[in-house]
Amino acid sequence: MDTPRPGWQPPLFWRAAQLFARLVVALLARLEVTGDVPAHLRRGPLILAANHISPFDPIVLGAACRARGMAPRFMATGGLFRAPGLGALMRHAGHLRVDRGTTAVRRALDDAAAAVTAGSVVLVYPEGRIGLDPAMWPERGKTGTARLAMTCGAPVVPVAQWGSHEVLPYRTPRGMLRGLGRSLLRRPVIRVRFGAPLDLRDLSPTAPGAARQGTDRIVDAITDILVPLRPDEPDSPRHVDPGRPVDTSRIHSRPSSPRPGSTPTHSRPPEEGQQ
């Protein structure tokens, strides 16, 4: 995507909501944001691809993106858009509806492609759900994010986060009050790191296996920048949510290296920086 396009202009409401998200996160946790996004990409067209570990993630990422001068449009589950009041606010903020498990899911990819092509920053969870990997590493991704990038020619910035699972449990709203109360007292550290942009333009959207290859590149990049965010928790998280199920069917394994935590090949310490 070499030709500059005027960026999508986020509504004032969404900017204000991001500021509110920063206040909420500051109340419940200590947010550390490291890495950066090149200035020329912050207003789009751009795809942000993040790991998904908690129902609290959208608030954390909204706050972290504001710290880096971005107001992304989230691809979010259709259930949020069906909620009274919330759905109207989501649409007003420009977020994109994804009806998973239905024939309408294809429309979500088309809507996202149109948004990126028009100059938006779109945030996507490549895993397609809150990950259920036993050690909470990124799962094998769905191919939608890679197909979106290949269709639009837009760069993908991998985003890793860690710590939001200590605020809200997997089964929120069940257990939500207990999680919030614990966070108010302990204020856990939540770390978000923006990685280097990925360019998937060498992959052809029509080539067999290209979408899977691009997806694996994205998930590998997220995993790489997640490693230094959890240096003392390589094999399993310290905070265990008893209501979180486990699913080993989508474990993401690399052909060239073992899973993080099985062999500590990454020793780079986390970058200093706090927002």
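These legends go with five close-up views of a predicted model.

**View 1. Strand S5 and its side chains.** Let's start with a short strand, S5, which covers residues 121–124. Val121 and Leu123 point one way from the strand, while Val122 and Val124 point the other way. Whichever way they face, all of these residues are buried.

**View 2. The strands paired with S5.** Here S5 appears with S2 and S3, two strands that pair with S5 in the parallel sense. S2 spans residues 46–50 and is joined to S5 by 4 bridges. To find your place on this side, look for Ala49, which stands opposite Val124 of S5. S3, made of residues 73–77, is linked to S5 through 2 bridges. On that side, a handy landmark is Arg73, whose bridge partner in S5 is Val122.

**View 3. The largest nonpolar core and a separate second one.** Val122 turns up again here, in a core of 36 residues. Together with Ile47, Met75, Leu148, Leu200 and Ile218, Val122 touches the most other members. Strands S2, S4 (96–98), S5 and S6 (156–162) each supply at least two residues of this core, and so do helices H5 (105–117), H6 (144–152) and H8 (210–226). A second, separate core has 33 residues, including Trp14, Ala71, Leu123 and Ile190. For a closer look at one member of the largest core, try Leu200. Beyond its neighbours within four places in sequence, Leu200 is in contact with Ala146, Ala149, Met150, Gly214, Arg217 and Ile218.

**View 4. The largest pocket and its lining.** This pocket has a volume of about 930 Å³, and 32 residues line it. If you want to find its centre, the lining residues nearest to it are Pro58, Ile59, Leu80, Leu86 and Met90. Helices H1 (12–28), H2 (57–67), H3 (78–82) and H4 (86–93) each give two or more residues to the lining, as does strand S3. H1 gives the most, with 7 residues. By residue type, the lining divides into 20 nonpolar, 8 polar and 4 charged.

**View 5. The second largest pocket and its lining.** Our last stop is a pocket holding about 450 Å³ of space. Its lining consists of 21 residues, and those nearest the centre are Val98, Val105, Lys142, Gly144 and Thr145. H5 and H6 are the elements that give two or more residues to this lining. Sorted by type, the lining has 9 nonpolar, 5 polar and 7 charged residues.

Definitions and conventions:
Residues are numbered from 1 along each chain as its sequence is written. This is a predicted model: local features need pLDDT of at least 70, side-chain atom pairs count only at pLDDT 80 or more; totals for chains, interfaces and linings use all residues. Side-chain values use heavy atoms; hydrogens and water are left out. Buried means under 20% relative accessible area, exposed over 50%, partly exposed in between (1.4 Å probe, protein chains only). Two strands pair if DSSP finds at least two bridges between them. A nonpolar core is a set of buried Ala, Val, Leu, Ile, Met, Phe, Trp, Tyr and Cys residues joined through side-chain atoms within 4.5 Å. Contact means heavy atoms within 4.5 Å. On a 1 Å grid over the protein atoms alone, a cavity is a set of points where a 1.4 Å probe fits but cannot get out, and a pocket is an open set with protein on both sides within 12 Å along at least five of seven lines; lining residues have an atom within 4 Å of a point. Grid points are joined across faces, edges and corners, and a volume is the space filled by probe spheres set on the points. Ala, Val, Leu, Ile, Met, Phe, Trp, Tyr, Cys and Pro count as nonpolar, Asp, Glu, Lys and Arg as charged, and the others, Gly among them, as polar.
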